[in-house]
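Okay, thanks everyone for coming. Have the sequence and the structure open, and I'll walk you through a few spots I'd like us to look at together.

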Amino acid sequence: MDVSYILDDLNDAQRDAVTADSPGTLVLAGAGSGKTRVLVHRIAWKIKVEGLSPYAIMAVTFTNKAAREMRGRIEELLGGQLHGGMWVGTFHGLAHRLLKAHAADAKLPDNFQILDADDQQRLLKRIHRELNLDDSRWPPRQSQYFINGHKDEGRRSAHIDNPGGDLYLTTMLQVYQRYEQICQQQGVIDFAELLLRALELWRDNPAILEHYQQRFKHVLVDEFQDTNAVQYAWLQILAGKGMPITAVGDDDQSIYGWRGARIENIQQFSKDFADTRIIRLEQNYRSTATILKAANAVIKHNSQRLGKELWTSGEEGEPITLFAAFNEQDEARFISDRIEDLLKEDYRRADIGVLYRSNAQSRTLEEALIRAGLPYRIYGGQRFYDRLEIKNALAYLRLIALRDDDTAVERVINTPTRGIGNRTVETIREYARDHQLSLWRALLAIIEGGGLAARANNALRGFVSLIEDLAQQTADMSLDARVDYVIQHSGLIAFHEKEKGEKAQARVENLQELITAAKSFEPEDEDGDELRQFLDQAALDAGDQQAAEHEDSVQLMTLHSAKGLEFPAVFIAGVEENLFPHKMSIEDPSRLEEERRLAYVGITRAERKLFLSYAESRRLYGQENFNSLSRFVREIPSECIDEVRINNTVSRPTSFASHSASQQRAAESGIVLGQRVLHSIFGAGVVLSFEGQGASARVQVNFEDEGSKWLVLQYANLELLQ
DNA sequence: CGGCAGCGGCAATAC
DNA sequence: GCCGCTGCCG
């Protein structure tokens with residue numbers, strides 16, 4: 001059999017990674033080194049050469065997009081459909097599949113529902129109210145972080161000790177317990193729970209685990225550096241006792257520590273999985289030598305690396321352009337001007353990526369692009385299925401499928417408004433709580449009991465008959481006709497049509513788009529309930545963010561969402577201390593290293609041209625900030641950089657005595673931005689920024705020996721220097 | 001119920 | 001500076 005097509009066009013390291021027959025294989029794949037290619041070809045190798053059935057392979061990714069791409073590329077390479085036998089999906093998707101198959105053993109009802117981040121927050125808000133927690137002291141967001149953080153580490157409320165009885169922990173645990181109780185009672189599970197349950201299912205049911213251990217002969221994991229504790233434990237319980245496993249990842253691209261990812265997992269891998277072979281992919285096919293030199297130089301400042309150095313056989317390329325802008329508008333104008341230059345060369349708009357650290361930066365950039373008449377597209381932002389109007393429409397559909405869905409009832413009982421006020425809903429909640437009923441059953445009982453005012457009672461009846469009508473009328477319809485009927489007859493379309501503003505227009509369009517999504521939906525299980533599968537998919541899939549790709553446009557996104565993408569030309573805006581690295585990460589060495597990895601990710605997105613820019617003065621959150629050039633740029637060898645001088649058409653004030661409010665306040669205290677000061681401990685430095693007033697006034701000083709620090713002016717006792 | 005004013009908070013974000 | 005939530009009022 002000729003299998004050369006599997007190995008042709010691969011370099012030695014890639015070929016090694018594709019054919020390795022070690023029990024454990026860890027592929028450290030640098031940016032642009034052909035990682036996905038190796039994964040896809042390795043799967044083809046397993047099937048075509050080693051003779052594994054696709055049925056015996058499991059491949060796990062983090063995003064649906066990556067899973068789709070992998071499946072597509074395998075099918076392309078093997079020249080045929082991969083019937084459902086092979087398990088390719090996200091951790092969450094596969095966990096869901098597992099729990100659906102063994103719902104009872106996982107102690108879940110067959111029709112369990114997924115609680116997404118937004119639904120989770122709503123539920124927590126209600127719990128806070130129920131427990132009489134003051135929202136300003138106990139923001140529901142905090143409980144959400146607490147719960148998800150612990151679940152990501154595999155801890156349920158019962159696992160968390162609170163020996164000191166400290167108020168914070170006591171309160172959080174109380175919320176966590178109540179939350180667990182309600183979720184269990186209502187048969188809903190959040191994203192973290194999906195993973196934790198799947199882990200517990202295997203841990204507590206050896207027979208089920210054994211079935212999968214016998215079934216799968218090889219597991220492959222993409223983006224291994226992003227796994228959290230539960231995902232790692234899940235892989236370990238499945239494959240720890242000798243099932244061959246391939247992990248592909250790059251410790252230098254671990255940028256999701258804040259959502260539970262544990263970079264240590266990739267370091268731990270060879271200890272937990274027997275006889276691991278480590279293969280490094282260091283040849284880069286994406287960027288010029290100059291860009292790689294810069295990336296290598298930056299990432300070298302991190303400790304605790306597994307170690308890797310990217311190289312290319314390609315050309316040196318042009319130097320990196322660094323632009324010092326006067327302010328963020330000046331920076332945005334520089335970017336749009338350079339984009340216009342690039343378009344005069346052989347670049348298309350879609351070849352250009354503009355990356356930034358935080359979403360708040362995008363507005364200024366957008367304004368400049370609009371002014372220049374350059375079409376652009378923003379990646380990320382709100383997921384399609386997270387939009388309010390879509391969630392409302394889905395809630396109606398969920399109620400059609402299952403009346404006892406409290407989350408859905410809460411959402412649409414009075415949307416569009418139908419005279420069921422907060423009082424009435426509170427009565428229903430109370431009744432449901434007291435009688436251990438779902439909200440739907442509770443409201444039916446209340447209608448029968450007639451304890452409500454006639455008006456409220458009628459309104460409730462109206463809601464019940466609406467849902468029953470939607471269910472009956474659409475019972476025999478196709479999925480898309482059903483969606484269409486529901487958004488019309490629930491009144492959602494009319495509701496948003498009479499709303500004012502651009503937003504309303506977009507909402508109506510999104511609802512129409514939902515019909516399109518339903519039309520093109522292909523159920524995985526032909527015999528299963530199509531509506532149910534559609535709803536599950538909606539909960540687990542962000543929806544295609546690429547939908548609007550009809551026009552050739554400049555690509556705007558955060559550095560995080562740029563991971564995995566590449567552009568011939570890349571702009572990284574705002575390379576400033578306090579912005580990138582972000583202020584909140586600067587003090588903590590491990591978070592600072594994560595910021596540096598983010599810089600590495602950003603730099604390695606560029607194929608041919610890289611532009612870095614920073615603003616000497618930046619308005620953010622209504623505050624004027626004077627930040628210095630990012631340390632990450634200073635880590636790039638100077639021969640790689642071509643610094644562009646400040647555009648002389650921009651008038652640059654010669655002193656800092658301007659009229660901005662923050663500067664005036666600074667002046668009142670005798671401190672001027674740019675002022676040299678002396679601190680009794682930290683020594684001499686320059687004032688970079690100033691915020692707050694009176695007792696809360698703080699200054700940021702860049703000390704010559706200690707780096708930059710924020711000081712409370714009142715206590716700092718700064719001595720002004722000449 | 002809808003509209004508006006006031007207030008707090010504010011990184012990144014897949015599933 | 002802006003968004004979103006709350007709370008008050010008509």
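Let me start with a question: which residues are linked with Asp118 and Arg411 in a network of salt bridges? The other members are Asp116, Asp119, Lys391, Arg398 and Asp405. One thing to keep in mind throughout: this is a predicted model.

As a bit of background, side chains of opposite charge can pair when their charged atoms come close. Searching the whole structure turns up 51 salt bridges, and I'll pick out three.

The first sits inside that network. Arg411 pairs with Asp118, and their closest N and O atoms are 2.4 Å apart. Arg411 is in helix α17, residues 406–412, while Asp118 is in helix α6, residues 117–130, so this pair ties together parts that are 293 residues apart in sequence. How covered are the two partners? Arg411 is buried, at 7% relative accessible area, but Asp118 comes out as partly exposed at 34%.

Second one: Asp226 with Lys563, where the closest N and O atoms are 2.8 Å apart. Here we're dealing with loops. Asp226 is in the loop between β6 and α11, Lys563 is in the loop between α25 and β13, and 337 residues separate them. Both Asp226 and Lys563 are buried.

Third, Lys308 and Asp250, with closest N and O atoms 2.8 Å apart. Again it's loop to loop: Lys308 is between α13 and β9, Asp250 is between β7 and α12, and they are 58 residues apart. Lys308 is buried, and Asp250 is too.

Okay, on to helix packing. Two packed helices are described by the angle between their axes and the distance between the axes. Take α16, residues 388–401, against α20, residues 454–474: the angle is about 75° and the axes are 9 Å apart. That makes the two roughly perpendicular.

What does α16 bring to that contact? Tyr396, Leu399 and Ile400. On the α20 side they meet Phe463, Leu466, Ile467, Leu470, Ala471 and Thr474. By class, that contact has 8 nonpolar residues, 1 polar and no charged ones.

While we're on α16, how much of this helix is buried? It's mostly covered, with 12 of its 14 residues buried. Among the buried ones are Lys391 and Arg398, and you've already met both of those in the salt-bridge network. There's also a quick check on the helix length: at 1.5 Å a residue, the 14 residues of α16 should span 20 Å, and the end C-alpha atoms are 20 Å apart, which agrees.

The other helix pair I'd like you to find is α9, residues 191–204, with α10, residues 206–215. They pack at about 100° with their axes 5 Å apart, and are therefore roughly perpendicular to each other. From α9 we have Leu201, Trp202 and Asp204, meeting Pro206, Ile208, Leu209 and Tyr212 from α10. That contact splits into 6 nonpolar residues, no polar and 1 charged.

Now a couple of single residues. Lys151 is in helix α7, residues 140–152. Buried or exposed? Lys151 is buried, with a relative accessible area of 2%. Setting aside neighbours within four places in sequence, its contacts include Asp190 and Glu193, along with Tyr176 and Tyr179.

Then there's Met477, in the loop between α20 and α21. Met477 is partly exposed at 30% relative accessible area. Apart from residues up to four places away in sequence, Met477 touches Arg482 and Tyr485.

Last topic, the backbone. Most residues other than glycine have a negative phi, and most peptide bonds are trans. So where are the cis bonds to look at? One joins Thr415 and Pro416, with omega about -5°, and Pro416 is in the loop between α17 and α18. Another joins Phe580 and Pro581, with omega about 5°, and that proline, Pro581, is in the loop between β13 and α26.

As for positive phi, Lys107 has a value of about 60° although it is not a glycine. Lys107 lies in the loop between α5 and β4 and counts as exposed, at 57% relative accessibility. Asn132 is also not a glycine, and has a positive phi of about 55°. Asn132 is in the loop between α6 and α7, and counts as exposed at 69%.

That's my tour, so let's go back to the structure and discuss.

Technical notes: Residues are numbered from 1 along each chain as its sequence is written. Chains are lettered from A and ligands numbered from 1 in the order in which they are written. This is a predicted model: local features need pLDDT of at least 70, side-chain atom pairs count only at pLDDT 80 or more; totals for chains, interfaces and linings use all residues. Side-chain values use heavy atoms; hydrogens and water are left out. A salt bridge is a side-chain nitrogen of Lys or Arg within 4 Å of a carboxyl oxygen of Asp or Glu. Helices (H or I, at least four residues) and strands (E, at least two) are DSSP runs, numbered from the N terminus. Buried means under 20% relative accessible area, exposed over 50%, partly exposed in between (1.4 Å probe, protein chains only). Axes are lines fitted to C-alpha atoms, for helices over the stretch in contact, and angles run from 0 to 180 degrees between N-to-C directions. Angles under 35 degrees count as roughly parallel, over 145 as roughly antiparallel, 65 to 115 as roughly perpendicular and the rest as oblique. Contact means heavy atoms within 4.5 Å. Ala, Val, Leu, Ile, Met, Phe, Trp, Tyr, Cys and Pro count as nonpolar, Asp, Glu, Lys and Arg as charged, and the others, Gly among them, as polar. The expected span of a helix is 1.5 Å times one less than its number of residues.
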